[in-house]
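Trainee: I'd like to go through the labels used for this model. Can we start with how the helices cross?

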Amino acid sequence: MNLKFFTGIFLALAFVACDEDETKEPETTDTAPNVIGMNFLKSTQSFDETYAVLKASLEANDNIKIVAELDHAANAASVGLELNPTKIIFFGNPNLGTPLMQVNQQAGLDLPQRILVYQNDSEEVYVGYNSTVYLANRHTLGDVSTLSAIAGALKNLSENAGVEEVTEQPSEVIADYNVFTVASPETFDATYEGIMSVIDENPNLKIVAELDHQANAANVELELLPTKVIIFGNPKLGTPLMQDKQTSALDLPQKILVYQNSEGGVKIAFNSPELFMSRHGVTDNDATLETILAALQGIATSINQ
């Protein structure tokens, strides 16, 4: 096993775990979100009611499995930071998601699906999710047959929870929009297990969920090359981004995708920290974004050594 590869990852993730200023107050957000590729609605119900209805709707659908729930406000409080009510729920249906990854495994970086519910300083409650147009453009999916079904499901779930109509936002992004990809010199299993071990050993990082997209595809009798995603976080770094722009929660916590393509090559994909600037409009967290960027660059450099 390439020890330099995993040493680089450990150093990068340790760098990501550095302390942040814990005195920053949440920004006042009293207007509708303006986020590339995030469809949204302003809920007519309370934050708790909106989230409860959303979760109940997911639980009532036998074709959907809830993968993880994350209370960003509670996680912020656990490290002495403040954040308005913000929750995200991850869920999937491999019958719908697998065909996207069969076209481009990189789509696994945005799977499973997720819906964000948050309340701003003005006590306005919003529901947001990634549009399928955004996903199709970002991962060059073309006209995959299941995209329309996914779009309909996300719209219905959100409108049922918020009792309002969804507003669609512009989703025209270039291919690989803010996706950072590097090749691994190791096998798929060695790469994935090594990354998992490094994250497990870092006390500042918490694994929220692991997803074996290939195994989930097999469960519904579909084929997919080896594809796994790790969802993990560090609220000391993520919270300041959400304090700046609360919609940043849609792209948090961080994710690492590992996949093996048809030529046998192993790739690791991340969201570039520039995503928070160009997509969510984060402007007041240069130090945090630079820290994350340095961590990702450290990973890329160690892989090529």
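Mentor: Sure. The crossing of H2 and H6 is right-handed, a term for the near helix being turned clockwise from the far one by less than a right angle (anticlockwise would be left-handed). Before we go on, this is a predicted model, where local features need pLDDT of at least 70, side-chain atom pairs count only at pLDDT 80 or more, and totals for chains, interfaces and linings use all residues. Residues are numbered from 1 along each chain as its sequence is written, and side-chain values use heavy atoms, leaving out hydrogens and water.

Trainee: What makes H2 oblique to H6?

Mentor: The axes of H2 (residues 47–59) and H6 (residues 147–162) come within 8 Å and cross at roughly 140°. Under 35 degrees is roughly parallel, over 145 roughly antiparallel, 65 to 115 roughly perpendicular, and the rest oblique. So H2 is oblique to H6.

Trainee: Which residues in H2 meet H6?

Mentor: Thr-50, Val-53, Leu-54, Ser-57 and Leu-58 do, and they meet Leu-157, Asn-160, Ala-161 and Gly-162; contact means heavy atoms within 4.5 Å. Those residues divide into five nonpolar, four polar and no charged.

Trainee: Why is Ser-248 called buried?

Mentor: Buried means under 20% relative accessible area (exposed is over 50%, partly exposed in between, with a 1.4 Å probe and protein chains only). Ser-248 has 0%, so it is buried.

Trainee: Where is Ser-248?

Mentor: In the loop between helix H9 (235–244) and strand E9 (254–260). Not counting residues up to four places away in sequence, Ser-248 touches Leu-241, Met-242, Phe-276, His-280 and Val-282.

Notes
Axes are lines fitted to C-alpha atoms, for helices over the stretch in contact, and angles run from 0 to 180 degrees between N-to-C directions. Helices (H or I, at least four residues) and strands (E, at least two) are DSSP runs, numbered from the N terminus. Ala, Val, Leu, Ile, Met, Phe, Trp, Tyr, Cys and Pro count as nonpolar, Asp, Glu, Lys and Arg as charged, and the others, Gly among them, as polar.
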